[in-house]
Amino acid sequence: MTAATLTELDRTRIQRRTVGILSLGQVLGGIAFGATVSLGALLAADISGSDALSGLATASVTLGAALAAIPLARLAGLRGRRLALTAGNLLALVGIVVVIGAAAIRVFPLLLVGIIMIGMGNAGNLQSRFAATDLAQPRHRGRDLSIVVWATTIGGVAGPLLLGPGEQLGRAIGMPPHTGSYLFSLVAQIAAFALYLIALRPDPLLTSRTLPETGSVAAGVERVDRPVAARYAIFAIAGSHVTMASVMAMTPVHLSHMAMAGGTMGGMDGMSMELDVTVLVGVTIAMHVAGMYGLSPVFGILADRWGRLRTVLLGQALLVASLCFAMFAGETTWGVMVALILLGLGWSAATVAGAALLTEASAPELRTRRQGRSDSLMSLSAAGGAVLAGVILQSFSYAGLAIAALVVVAAIVVLSPFGKR
């Protein structure tokens, strides 16, 4: 299509179809990511024999996303979103196979390589939310972005909830412990790869470049670059993500310690306890993922109507509430669950509004570059945070980890650029 042939009705129709395809892809991709988030720390602790090294699992998945974010963004800028998203899915497919193999032969470095590759695939999933803004009207940018983020709820919740059935299936066919649910992930990633390769046509980013005003109601408004706002958006997204990822990464290990202490699962034999811990972790992470994505359309609409910056700060308030539950009720199962739900909600508000702010604060020629940098910094920060989180948990407890995370939240609030460009 060209600018001469693409009517407003065509653009609306293509955007609606694009959002639908991206949403379905997020459902499928979320299954693999949900399983990795839930099982990564447990696999790492089991194979390495050290809880202190369990944080390397989340660190690896976020490191993988950091390494792939800029190359995939550049690929999108050169060849379009479709090729970038399919490349990400292919990396995740290979990563799943490597993780299963590493668990079978119990080689810890190989496990981290596989998780890094799954993280690279997740970098593609993260790009989907920006792909939803390529053809969006500015007044609906937050809404369209949040719809794609919301779709991750289904896969992200299903992934952890499949841990119990997956573990039983894995045992039945002789798979290593904590890897059975990756079979579901493998099927889901193959389906997502085929979906993007076949159905994401026309490419939303390439199509947006045929529009004389980049799909804007007022080209002058859209082409104004606001570097201060863009830098803050990148910082707020990264800070909110590192807060969420650090606490979430250590929650499976913390819950496992609580169970081993005999409070919730005393009297069970080893196999029953292992399965019940897996189920407890799966349910808790599923509730957390529901918080991350379930209300994202609400936060997207708030970002459109109430303002991007205000919604980012609302996210910080929710993160503070989460960390307070972790500090004062973190030794109870219900307290951990409430903390994880609020943690997901705070992340959702901050990242949805932050992504919309970054997109509209960047001139069109700078958008994909800054989007890639944002995703890379977000993932790299979370990787470092996850490593530190393991050390903090072992040295100071779950409450100590929450206190450390509060420092990051405070920085996001203090540095908010009210009245600046």
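The following exchange goes through several assignments in this predicted model and the values behind them.

User: Why is Ala363 called buried?

Analyst: Ala363 has a relative accessible area of 3%, and because buried means under 20%, Ala363 is placed in that class. The residue sits in the loop between helix H14 (333-360) and H15, and its C-alpha atom is separated by 8.0 Å from that of Arg226, although these two residues are 137 apart along the chain.

User: How do you know that the span of helix H15 is close to the one expected?

Analyst: Helix H15 covers residues 364-396, which makes 33 residues, and it reaches 46 Å from its first C-alpha to its last, to be set against the 48 Å expected at 1.5 Å a residue. After H15 comes Ser397, whose phi is positive, near 100 degrees.

User: What makes the contact between Asp10 and Arg13 a salt bridge?

Analyst: The side chains of Asp10 and Arg13 meet at 3.6 Å, N to O, and because the cut-off for a salt bridge is within 4 Å, the pair qualifies. Both residues lie in helix H1, 3 residues apart, which is about one turn of the helix. An α-helix has 3.6 residues a turn, so residues three or four places apart point the same way.

User: Why are Asp10 and Arg13 put in separate classes, one buried and the other partly exposed?

Analyst: Asp10 has a relative accessible area of 18%, and since buried means under 20%, Asp10 is counted as buried. Arg13, at 44% relative accessibility, is partly exposed, because that class takes in the values between the buried limit of 20% and the exposed limit of 50%.

User: How do you know that Arg143 and Asp144 form a salt bridge, and how is each of them classed?

Analyst: The closest N and O atoms of Arg143 and Asp144 are 3.0 Å apart, so the pair meets the requirement of being within 4 Å. Asp144, with a relative accessible area of 5%, is buried, whereas Arg143, with 33%, is partly exposed.

User: What makes Arg308 part of a network?

Analyst: Arg308 forms a salt bridge with Asp304, the closest N and O atoms being 2.5 Å apart. Salt bridges that share partners join Asp304, Arg308 and Glu360 into one network. Within that network, Arg308 counts as buried at 8% relative accessibility, while Asp304 is partly exposed with 23%. A search of the whole structure finds 8 salt bridges.

User: Why is Leu110 able to belong to a surface patch?

Analyst: Leu110 is partly exposed, with a relative accessible area of 31%, and because patches are made of residues with over 30%, Leu110 passes that limit. Leu110 is found in helix H4 (residues 108-131), and together with Ile105, Val107 and Val113 it forms a nonpolar patch with about 290 Å² of accessible area.

User: Which residues and helices surround the largest cavity?

Analyst: The largest cavity has a volume of about 220 Å³, and the count comes to 6 cavities of 30 Å³ or more. The lining of the largest cavity holds 17 residues, of which Gln26, Leu126, Thr152, Tyr293 and Trp347 lie nearest its centre. Helices that each supply at least two residues of this lining include helix H1 (8-48), helix H5 (141-161), helix H10 (227-260) and helix H11 (270-293).

Terms used. Residues numbered from 1 in each chain as written. Predicted model: local features only at pLDDT ≥ 70, side-chain atom pairs only at ≥ 80, totals over all residues. Heavy atoms only, no water. Patch = residues over 30% accessible without salt bridge, like charges linked within 9 Å, V, L, I, M, F, W, Y side chains within 5 Å. Areas by Shrake-Rupley, 256 points an atom, 1.4 Å probe, with all protein chains shown as cover. Helix = DSSP H or I, 4+ residues; strand = E, 2+ residues; numbered from the N terminus. Buried < 20%, exposed > 50% of the residue type's maximum accessible area, 1.4 Å probe, protein only. Expected span 1.5 Å × (residues − 1). 1 Å grid on protein atoms, 1.4 Å probe; cavity = no way out; pocket = protein on both sides within 12 Å on 5 of 7 lines; lining within 4 Å. Points joined across faces, edges and corners; volume = space filled by probe spheres on them.
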